[in-house]
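Please open the model in your viewer and keep the selection panel at hand. The stops below take up one selection at a time and say what is there.

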Amino acid sequence: MKLLNLKTFFLANAMLLGAVSVQAQAEDEAQLIKQGEYLSRLGDCMACHSVAGKPAYSGGLAIDSNLGRIYSTNITPDKEHGIGNYSEQQFNDAVRKGVLPDGTGLYPAMPYPDYAKISDADMHALYTYFMKGVQPSAEQPPETSLSFPFSQRWGMRFWNWAFTSDKAFKPIGGASAEINRGAYIVESLGHCGSCHTPRGLGMNEKALDSGDGDFLAGGNLNGWEVPSLRGLPRWNEKEIVDYLQTGRNDKAAVGGEMTSVVEHSSSHMTDADLQAIAAYLKFLGGNPPLQAGDANAAQATEAKLTAAKNLSEGERLYLDNCGACHFVTGKGAPGIFPELDQATLVNAGDPTGLIHTILVGAQQPSTEKAPSTLAMPGFGNRLNDDEVAKLATFVRQGWSNKAPAVTKEQVAEVRKSLHHE
Ligand code: HEC
Ligand code: HEC
Ligand code: HEC
């Protein structure tokens, strides 16, 4: 009798323990899936692997690269059309090394040169999320078929050998834990360098980590300048956080390709991660003091526009078309209409982004913290190339701005490119 009792006791206990560990495992897995989902936001996997109207992560986005048109693939756990048969090792090799299970290489339209620095723990959570937290989809995106020699995926192995690094993320010695968290996000999942770092001869990012002065020193996407992020001397940390979280701050509004980054990725980041990125970007520039513009020059333009006498054609076009929102001060209204005085986009060496904005306007993304969206209308139908050139030249040289003039040929060039969008 005693024996039996003891047996039941053990049995009951063992069953209880078993139940507890199954439950703990389920909780662990639920936790990993949640963590992986957040990491996929940090990595912005959605922006490239989804198209409007199709299931999340089912691929099919056309990316025009200088190799030709590349389609993103289905990365849902569907076994036939997606990556459902990938082992964790194969997933890691694809995401961090750009190597497919058959040994051939991915095209770097997938930012694996940056993802190479994702930690093992984060890769494990991502894998768990993509295998167990994402709905499988049988969507078959169009095949990428590049012309020779780029059609030869084996060639990508050579490119990888020449231009990528399998070095793990290395914390910056002596910097705070917050700055290092920012460095980790920016260098790895955030893949900020894929747009913000200048490209070298092989279209490779010239630098992949904080130790190199080229890292985040500014890039160019089809003429649209991507600003340097090293120190952001005109912005304080709060302005960087606001911009990444809501697509606007009291000085600027997001535009171009950055709009999608804010919409799909940075607006979903936690306050702590955004703050870490801001602290890191300020740190990168050696924490420069905030720069103010030339107050005298700014006042001279404001006074001339206010008096509205003997205006140049550019000044007149500004008052007629832009002044209602951006004002005679060129300062707009904080958080609503962005500043034109000293704005990065206005003062870019290449005026493509500014011309593009004047021709087609701009629309802010709707984000959780700032759901209302403000739009600027396009002026492409109202103003001819010569007028846009004169207006843009005024904007680039009014107030404290000192950027080179814009020609009507430059405007014609951007207008022509719009037909292909
Ligand atoms: C900037 C766009 C972009 C982003 C961001 C991006 N991908 Fe990709 N990804 C691509 C493209 C394009 C391909 C296909 C490349 C090719 O055909 O060589 C690809 C391929 C892949 C593959 C191989 C798929 C297959 O069909 O075998 C995996 C796995 C993958 N991506 C996972 C991810 C994950 C996980 C993330 C987020 C951490 C991510 N990608 C973010 C563009 C992107
Ligand atoms: C797909 C390309 C792309 C990626 C990826 C990208 N950016 Fe940008 N970013 C841009 C472009 C283009 C602009 C210029 C926007 C404009 O002209 O309005 C920009 C502007 C910015 C600005 C404003 C700078 C200024 O002086 O006005 C900040 C801050 C910024 N990005 C931070 C980041 C961070 C942090 C990341 C990574 C988490 C990132 N970006 C990833 C393309 C990108
Ligand atoms: C109806 C109000 C309105 C008018 C008129 C208007 N804008 Fe804007 N403008 C905006 C808003 C709102 C944004 C921010 C849009 C966004 O977030 O993408 C903006 C953005 C901009 C930007 C990008 C600023 C940045 O921070 O990168 C420039 C440059 C610009 N406008 C120039 C002009 C010029 C030049 C004109 C006249 C041809 C003009 N705008 C007319 C409302 C206006």
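A polar contact here is a pair of N or O atoms within 3.5 Å. With that cut-off in mind, select T73 together with ligand 1: a polar side-chain atom of T73 lies 3.2 Å from an oxygen atom of the ligand. Please remember throughout that this is a predicted model, and that the distances and angles quoted are computed from its atoms.

**Ligand 1 and its surroundings**

Keep ligand 1 selected and add Y86, where an N or O atom of the side chain is 2.3 Å from an oxygen atom of the ligand. Then add H49, whose side chain places an N or O atom 2.8 Å from a nitrogen atom of ligand 1. If you widen the selection to the 24 residues around ligand 1, those that come nearest are C45, C48, H49, Y86 and M110.

Ligand 1 sits in the second largest pocket. Which elements give two or more residues to the shell around ligand 1? They are α2, β2 (residues 68-71) and α3, and α2 contributes the largest share, with 3 residues.

**The iron atom of ligand 1**

Now centre the view on the iron atom of ligand 1, which is coordinated by NE2 of H49 and SD of M110 at 2.0 to 2.2 Å. The angles among its 6 donor atoms run from 86 to 180 degrees, and the site is octahedral. Colouring by secondary structure shows H49 in helix α2 (residues 45-49) and M110 in the loop between α3 (88-97) and α4 (112-115), so the two residues tie together parts that are 61 residues apart in sequence. Both H49 and M110 are buried.

**The iron atom of ligand 2**

Move next to the iron atom of ligand 2, where the protein donors are NE2 of H196 and SD of M258, lying 2.0 to 2.3 Å from the metal. H196 belongs to helix α8 (residues 193-196) and M258 to helix α10 (residues 258-264), so that this pair, 62 residues apart, links distant parts of the chain. Why is the arrangement around this iron atom octahedral? Because the 6 donor atoms around the iron atom of ligand 2 subtend angles of 87 to 179 degrees; six donors count as octahedral if opposite donors are over 155 degrees apart and all others between 65 and 115. H196 counts as buried, because its relative accessibility is 10% and the cut-off for that class is under 20%.

**S267, after helix α10**

Select S267, which lies in the loop between α10 and α11 (271-284). A polar atom of the S267 side chain lies 2.8 Å from the backbone oxygen of V262, and S267 itself counts as buried, at 10% relative accessibility.

**Two residues with positive phi**

For a backbone check, select F327 in the loop between α14 (323-326) and α15 (344-347). Although F327 is not a glycine, it has a positive phi of about 65 degrees, and at 33% relative accessibility F327 counts as partly exposed.

Then go to W399, found in the loop between α17 and α18, where phi is near 50 degrees, again a positive value in a residue other than glycine. Is W399 buried or exposed? W399 is buried, with a relative accessible area of 2%.

**A403, the last stop**

Finish with A403, which is placed in the loop between α17 (385-397) and α18 (408-418) and counts as buried at 5% relative accessibility. Adding Q342 to the selection gives a C-alpha separation of 9.8 Å between A403 and Q342, which are 61 residues apart along the chain.

How values were computed: Residues numbered from 1 in each chain as written. Chains lettered and ligands numbered in written order. Predicted model: local features only at pLDDT ≥ 70, side-chain atom pairs only at ≥ 80, totals over all residues. Heavy atoms only, no water. Donors = N, O, S within 2.8 Å, 3.2 Å for Na, K, Ca; no water. Tetrahedral: all angles 85-135°; square planar, octahedral: opposite > 155°, others 65-115°. Helix = DSSP H or I, 4+ residues; strand = E, 2+ residues; numbered from the N terminus. Buried < 20%, exposed > 50% of the residue type's maximum accessible area, 1.4 Å probe, protein only. Near = heavy atom within 4 Å. Polar contact = N/O pair within 3.5 Å; in protein donor to acceptor, adjacent residues only side chain to side chain. 1 Å grid on protein atoms, 1.4 Å probe; cavity = no way out; pocket = protein on both sides within 12 Å on 5 of 7 lines; lining within 4 Å. Sits in = over half its atoms within 2 Å of the grid points.
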